[in-house]
Amino acid sequence: VQLQASGGGLVQAGGSLRLSCSASGRTFSSYAVGWFRQAPGKVREFVGLISVTGRSTHFADSVKGRFTISRDNAKNTVSLQMNSLKPEDTALYFCAAGSSLKGVRLAPEYWGQGTLVTVSS
């Protein structure tokens, strides 16, 4: 599975962005998909994940209530909708496909390249 994240950009605090993760490979629909981010000088952190079917999602506390994830297995895409963005959301965002661990963590097997999100104050 090859993943490609897109949709990053510069946005003001309080604004919204929608990131997309496009996948190639017929088995994409067999994987849970997660989003991670890495801010400058910090370790990569989990943002959220969506189950194989798309029926369940789970988010880090820092983004809960502001971010949502959806997927379209027919189009091999997963989207991360980010609302009420804060300067602390500034980071390089990555999507990954892998196995869901009890619905709250992702064991990544495949990574996409990052897309940069910058939130200005």
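The following legends describe close-up views of a predicted model of a single protein chain.

**Figure 1. The whole chain is built from strands.** The chain contains 11 strands and 0 helices. Read along the sequence, its pattern is β-β-β-β-β-β-β-β-β-β-β. The radius of gyration is 13 Å, close to the 14 Å that the globule rule gives for 121 residues, so the chain is as compact as a globular protein of that length. Along its principal axes, the C-alpha trace spans about 40 × 25 × 25 Å. Of the contacts with a separation of 6 or more, 55% are between residues 24 or more positions apart.

**Figure 2. The surface and charges of the chain.** Buried residues account for 40% of the 121 residues. The chain exposes about 6,300 Å², and carbon and sulfur atoms supply 49% of this area. The chain carries 13 positive and 6 negative charges, and the mean positions of the two groups are 5 Å apart.

**Figure 3. Strand S4 and its surroundings.** Strand S4 comprises residues 32–38. Is this strand largely enclosed or not? Of its 7 residues, 6 are buried, so S4 is largely enclosed by the rest of the structure. Strand S4 pairs with strand S9 (residues 91–101) in the antiparallel sense, over 7 bridges. Within this pairing, phenylalanine 36 has phenylalanine 94 of S9 as its bridge partner, and valine 33 stands opposite alanine 97 of S9.

**Figure 4. The hairpin of S4 and S5.** Strand S4 also pairs with strand S5 (residues 45–50), again in the antiparallel sense, over 5 bridges. The bridge partner of arginine 37 is glutamate 45 in S5. Between the two strands of this hairpin lie 6 residues. Glycine 41 takes a positive phi near 75° in this hairpin.

**Figure 5. Strand S9 and its partners S10 and S11.** In addition to its pairing with S4, strand S9 is joined to strand S10 (residues 105–113) by 6 bridges, and the two run antiparallel. Glycine 98 has proline 108 of S10 as its bridge partner. S9 and S10 form a hairpin with 3 residues between them. In the turn of that hairpin, lysine 102 has a positive phi of about 55°. Strand S9 also pairs with strand S11 (residues 115–120) in the antiparallel sense, over 3 bridges. Here the bridge partner of alanine 91 is valine 117 in S11.

**Figure 6. The environment of valine 47.** Valine 47 lies in strand S5, the strand that pairs with S4. Is valine 47 buried or exposed? Its relative accessible area is 0%; residues under 20% count as buried, and valine 47 is therefore buried. Which residues does valine 47 touch, not counting those up to four places away in sequence? They are Trp35, Phe36, Arg37, His58, Phe59, Ala60, Val63, Phe67 and Tyr93. Two of the residues named here have already appeared in the pairings of S4: Phe36, whose bridge partner is phenylalanine 94, and Arg37, whose bridge partner is glutamate 45. Valine 47 and serine 62 are 15 residues apart along the chain, and their C-alpha atoms are separated by 8.1 Å.

Terms used: Residues numbered from 1 in each chain as written. Predicted model: local features only at pLDDT ≥ 70, side-chain atom pairs only at ≥ 80, totals over all residues. Heavy atoms only, no water. Helix = DSSP H or I, 4+ residues; strand = E, 2+ residues; numbered from the N terminus. Rg over C-alpha atoms; globule rule 2.2 N^0.38 Å. Buried < 20%, exposed > 50% of the residue type's maximum accessible area, 1.4 Å probe, protein only. Contact = heavy atoms within 4.5 Å. Areas by Shrake-Rupley, 256 points an atom, 1.4 Å probe, with all protein chains shown as cover. Lys, Arg positive; Asp, Glu negative; His and termini not counted. Charge placed at Lys NZ, Arg CZ, Asp CG, Glu CD. Pairing = 2+ DSSP bridges.
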